[in-house]
Amino acid sequence: MRNAKNTRMCAVCRKRADKSQFVKVCEINGEIVVGGTQPQQGKGVYICPDCVLEAIKRKTLSRAFKKEVSPETYSKLESYGQKKDN
Ligand SMILES: [Zn+2]
């Protein structure tokens, strides 16, 4: 386990891992940004790739950000979930 400050928790299964293991979703100027590389502003949610489909099903993002999340955002999230490094 690396530096604890890089540890994040999956919003779906609550597994903890290094933040590089997760798909990051954050809200920047009111926009929900999936896989953003900018320094995080405001609230951020981390989801492991294995949980992406579950997050979509449960509308985890809508709940986390307390607002409507567009289907485009969810489909972008889905594309991140299918990406596997191994
Ligand atoms: Zn997970």
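**Close-up views of a predicted model**

The chain contains three helices and five strands. The model shown in every view is a predicted one.

**View 1. Order of elements and overall burial along the chain.** Read from the N terminus, the elements follow the pattern β-β-β-β-β-α-α-α. The chain has 86 residues, of which 28% count as buried. Among the contacts with a separation of 6 or more, 52% join residues 24 or more positions apart.

**View 2. The open sheet of three strands, in the order β4-β3-β5.** The pairing within this sheet is antiparallel. Strands β4 (31-34) and β5 (44-47) form the edges, each pairing on one side only. On average, neighbouring strands of the sheet are turned by 20° against each other, with direction ignored. In general, the strands of a sheet pair through backbone hydrogen bonds, in either a parallel or an antiparallel manner.

**View 3. Pairing of strand β3 with β4 and the hairpin that they form.** Strand β3 comprises residues 23-28 and pairs with β4 in the antiparallel sense over four bridges. I28 has E31 of β4 as its bridge partner, and C26 is matched in β4 by V33. The hairpin of β3 and β4 has two residues between the strands, and N29 adopts a positive phi near 50° in this hairpin.

**View 4. Pairing of strand β3 with β5.** Strands β3 and β5 run antiparallel and are joined by four bridges. In β5, Y46 is the bridge partner of K24.

**View 5. Alternation of side chains along β4.** Which residues of β4 are buried, and which are not? I32 and V34 point to one face and are buried. E31 and V33 point to the other face and are not buried. The two residues of β4 that are not buried, E31 and V33, also appear in View 3, E31 as the bridge partner of I28 and V33 as that of C26.

**View 6. The largest nonpolar core and the surroundings of C10.** The largest nonpolar core has 21 residues, and those with the most contacts inside it are C10, V25, I47, A55 and L77. At least two residues of this core come from each of β3, β4, β5, α1 (52-57) and α3 (71-82). When neighbours within four places in sequence are left aside, C10 is in contact with K15, F22, Y46, I47, C48 and C51. One of these contacts, I47, is itself listed with C10 among the core residues having the most contacts.

**View 7. D50 in the loop between β5 and α1.** Is D50 buried or partly exposed? D50 is partly exposed, because 13 other C-beta atoms lie within 10 Å; 20 or more would be required for a buried residue. D50 and C13 are 37 residues apart along the chain, and their C-alpha atoms are separated by 9.5 Å.

**View 8. D18 in strand β2.** Strand β2 spans residues 16-18 and includes D18. With 13 other C-beta atoms within 10 Å, D18 is partly exposed. The C-alpha atoms of D18 and N6 are separated by 5.5 Å, and the two residues are twelve places apart along the chain.

**View 9. Positive phi at R14, in the loop between β1 and β2.** R14 is not a glycine, yet its phi is positive, at about 65°. Most residues other than glycine have a negative phi. The loop that holds R14 runs between β1 (7-9) and β2. R14 counts as exposed because it has 8 C-beta neighbours inside 10 Å, and the limit for an exposed residue is 12 or fewer.

**View 10. Positive phi at K66, in the loop between α2 and α3.** K66, a residue other than glycine, has a positive phi near 55°. The loop in which K66 is placed lies between α2 (60-65) and α3. Why does K66 count as exposed? K66 counts as exposed because it has 8 C-beta neighbours inside 10 Å.

How values were computed:
Residues are numbered from 1 along each chain as its sequence is written. This is a predicted model: local features need pLDDT of at least 70, side-chain atom pairs count only at pLDDT 80 or more; totals for chains, interfaces and linings use all residues. Two strands pair if DSSP finds at least two bridges between them. Axes are lines fitted to C-alpha atoms, for helices over the stretch in contact, and angles run from 0 to 180 degrees between N-to-C directions. A nonpolar core is a set of buried Ala, Val, Leu, Ile, Met, Phe, Trp, Tyr and Cys residues joined through C-beta atoms within 7 Å. Two residues are in contact if their C-beta atoms, placed from the backbone, lie within 7 Å.
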